[in-house]
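Thanks for coming. I have one structure to go through today, and I will keep it short. Please have a look at it first.

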Amino acid sequence: MKSISIIGMILLAVSALLFYLTTDFTVERITISHVMGVMAGIGIGLIFGGMIGYVSKGSAIKAEAKRKEFKQLQKEKEELEKQAIEIEKRQAELERENINKNPQI
């Protein structure tokens, strides 16, 4: 949203400068062409704002999806590590039982 605000301020400054240069900044000299220029400036601002908003929203959605996928992968990794620890414990217990049952001299 910062970029939209900055573009809006730049367009407003450019339009104020152009208005000042063409009319000596007097209200009596405003004509229909000035109104059309203001409306065109608003339209261009809305078009730029919409495009930037669309792109930034798409980027944010993709980033959120990546974050969710990363969290899911972390959870799966933790579960697999827990399962590996359980398997190691069971294997160690079986080895102890085998050693106790079959002592070698």
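I'll start with the record. UniProt, in an unreviewed entry, annotates residues 36–56 as a transmembrane region. What you are looking at is a predicted model, so here is what the coordinates give for that stretch. Over residues 36–56 the chain is 100% helix and 0% strand. The C-alpha atoms at the two ends of the stretch are 30 Å apart.

The same unreviewed entry carries a second annotation, a coiled-coil region, covering residues 63–102. In the model, that stretch is 98% helix with 0% strand, and its end C-alpha atoms lie 58 Å apart.

Now the protein as a whole. How many helices and strands does the secondary structure come to? There are 2 helices and 0 strands. The radius of gyration is 34 Å, whereas the globule rule gives 13 Å for 105 residues, so the protein is more spread out than a compact globule. Along the principal axes, the C-alpha trace spans about 115 × 15 × 15 Å.

On to burial and surface. Of the 105 residues, 3% are buried. The exposed surface of the protein is about 9,800 Å², and 66% of that surface is supplied by carbon and sulfur atoms.

Helix 1 runs over residues 2–23, and Ile6 lies in it. Ile6 also belongs to a nonpolar surface patch of about 710 Å². Which other residues make that patch? They are Ile10, Val14, Leu17, Leu18, Tyr20 and Leu21.

Next, helix 2, which covers residues 32–101. The salt bridge count for the model comes to 1. The partners are Arg67 and Glu64, and their closest N and O atoms are 2.5 Å apart. Where do these two sit relative to each other along the helix? Arg67 and Glu64 are 3 residues apart in helix 2, so about one helical turn separates them.

Are the two partners buried, partly exposed or exposed? Arg67 has a relative accessible area of 46%, which means that it is partly exposed. Glu64, at 35%, is partly exposed too. Both values fall between the 20% cut-off for buried and the 50% cut-off for exposed.

To recap: the model has 2 helices and 0 strands, a C-alpha trace spanning about 115 × 15 × 15 Å, and 1 salt bridge, between Arg67 and Glu64. That is what I have; I'm happy to go back to any part of it.

Terms used
Residues numbered from 1 in each chain as written. Predicted model: local features only at pLDDT ≥ 70, side-chain atom pairs only at ≥ 80, totals over all residues. Heavy atoms only, no water. UniProt positions renumbered as here; feature names shortened; annotations may be inferred. Helix = DSSP H or I, 4+ residues; strand = E, 2+ residues; numbered from the N terminus. Patch = residues over 30% accessible without salt bridge, like charges linked within 9 Å, V, L, I, M, F, W, Y side chains within 5 Å. Areas by Shrake-Rupley, 256 points an atom, 1.4 Å probe, with all protein chains shown as cover. Salt bridge = Lys/Arg side-chain N within 4 Å of Asp/Glu carboxyl O. Rg over C-alpha atoms; globule rule 2.2 N^0.38 Å. Buried < 20%, exposed > 50% of the residue type's maximum accessible area, 1.4 Å probe, protein only.
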